[in-house]
Amino acid sequence: MALPEVKPWIKTLEAYVPGREAAAGSSMAKLSANEAPFGPSEKALAAYAEAAAHLRPYPIHPVVALRETIAGVHGIEADQIICGAGSDEMLALVGQAFVGVGDEVIFCEPGFDMYRVVALSQGATPVPVPNRNYQADIDGILAAVTDRTRVVYLDNPNNPTGTYRTQSEVERLHAGLPEHVVLVLDGAYAESVTADDYEAGIALVRAHQNVVMTRTFSKMYAMAAMRLGWAYGSPLIIDAMNRLRMPFNVSVTAAAAGAAAVEDAEFLDRICTHNAVWRDRMTAALSALGLHVVPSQTNFLLIRFPDEAPFTAGEADAFLAENGILVRSYRKMPEHLRITIGTDQQNNSVLELLSLFMSGQRVNPA
Ligand SMILES: *Cc1c(COP(=O)(O)O)cnc(C)c1O
């Protein structure tokens, strides 16, 4: 008797290995996964607690209300919004709807890992396009398009580099794509952008059938544990995603907390201001130490360390960890570390530790 046969392309996937977590109860500062440091809005927490008293019915109205709230705050159409378990689910639904065996999926490298996973899980060929000077290479992406291309994923800003592409550059990318290609604008860090020539995707979605923008509550809203994200796309794309999505993919607590968070503009403003102030301050201070800090529009910094011991990224990673700070390292870019912007105290610790590190005096400050 034959055993169940796993589809051959599924075997090309590896189960996701999350970044190192702070051990339960430890005082390690987790600056490795880009959750904003202060936790969710108080109003979101109150809405969560209130919703938790209403767990019996399937969550239908709360999700409708969430979509209407998002639509109101962003000035977009509620029936072109779809919500799900993080923007990861949104990215996967686009793949399921538009990508099949033998197709091609384009994304930036380095870029968000999930695009490759979505491509492989559909039996498609991932087509990574190397960044140029840490930025998405618009011409490189356009040159990589073939008649097998089905989706282009653009994390704008990019994770892990933190760089962004301007509205006019994204428009140029879109204009150069064949109409049959779906352009996914992943705005996971849209809230943290301060550049005034950036646009997360609403204008392109409005104007074209082949564009969808994804957003998340995991990063600047600091609700990653909730698993809540959304997409705004053309009727064609949102209709396909709605047919595929499981009907009750957002819990009542997530819907209620998400709606309260989106309405709490004052909270988001406070987080974004803190982030922008520290982003400038840390970029300047770390650059002054002789480190290369990639210009960031996000809530993290990608830092390139020297090649020579004892100043390598690997050594810095270990030194920070010994001193209670977890950051993100990369197998494929071992000279770099990515550090999430944290609280005042955490950021000051990072600066103090890296200053010691670069001075060559690697003693514990405490
Ligand atoms: C974190 C992240 C996401 C997805 O996060 P969810 O928690 O699934 O919403 C998507 N894209 C990028 C670029 C990210 O950094």
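A molecule is taken to sit in a pocket if more than half of its atoms lie within 2 Å of the grid points of that pocket. The views below are all drawn from a predicted model.

**View 1. The ligand and its pocket.** In this predicted model, the ligand sits in the largest pocket. The shell around the ligand is made up of 13 residues, and the closest of these are Ser87, Asp186, Thr216, Ser218 and Lys219. Sorted by class, this shell holds 5 charged and 5 polar residues together with 3 nonpolar ones. Helix H3, which spans residues 86-98, gives the most to the shell, with 3 residues.

**View 2. Polar atoms of the protein beside the ligand.** A polar backbone atom of serine 87 is 2.6 Å from an oxygen atom of the ligand, and a polar backbone atom of aspartate 88 is 3.0 Å from an oxygen atom of the ligand. Aspartate 186 takes part through its side chain, a polar atom of which lies 2.6 Å from a nitrogen atom of the ligand. On its own the ligand has 380 Å² of accessible area, and the protein covers 94% of that area.

**View 3. An open sheet of 4 strands.** The strands of this open sheet follow the order S9-S10-S13-S12, and their pairing is antiparallel. Strand S9 (292-293) and strand S12 (328-329) stand at the edges with a single partner strand each, so one side of each is left without a neighbour in the sheet. Between S12 and strand S13 (residues 336-340), which run antiparallel, there are 2 bridges. Arginine 328 has arginine 338, in S13, as its bridge partner.

**View 4. The cis peptide bond before proline 110.** The peptide bond that leads from glutamate 109 to proline 110 is cis, and its omega is near 0°. Proline 110 itself belongs to the loop that lies between strand S3 (104-109) and helix H4 (114-121).

**View 5. The cis peptide bond before proline 160.** From asparagine 159 to proline 160 the peptide bond is cis, with an omega near 25°. Proline 160 has its place in the loop between strand S5 (149-155) and helix H6 (167-176).

**View 6. The backbone at asparagine 34.** Asparagine 34, a residue other than glycine, has a positive phi, with a value near 65°. The loop in which asparagine 34 lies is the one between strand S1 (29-30) and helix H1 (42-51).

Conventions. Residues numbered from 1 in each chain as written. Predicted model: local features only at pLDDT ≥ 70, side-chain atom pairs only at ≥ 80, totals over all residues. Heavy atoms only, no water. Near = heavy atom within 4 Å. Polar contact = N/O pair within 3.5 Å; in protein donor to acceptor, adjacent residues only side chain to side chain. Areas by Shrake-Rupley, 256 points an atom, 1.4 Å probe, with all protein chains shown as cover. 1 Å grid on protein atoms, 1.4 Å probe; cavity = no way out; pocket = protein on both sides within 12 Å on 5 of 7 lines; lining within 4 Å. Nonpolar A, V, L, I, M, F, W, Y, C, P; charged D, E, K, R; others polar. Pairing = 2+ DSSP bridges.
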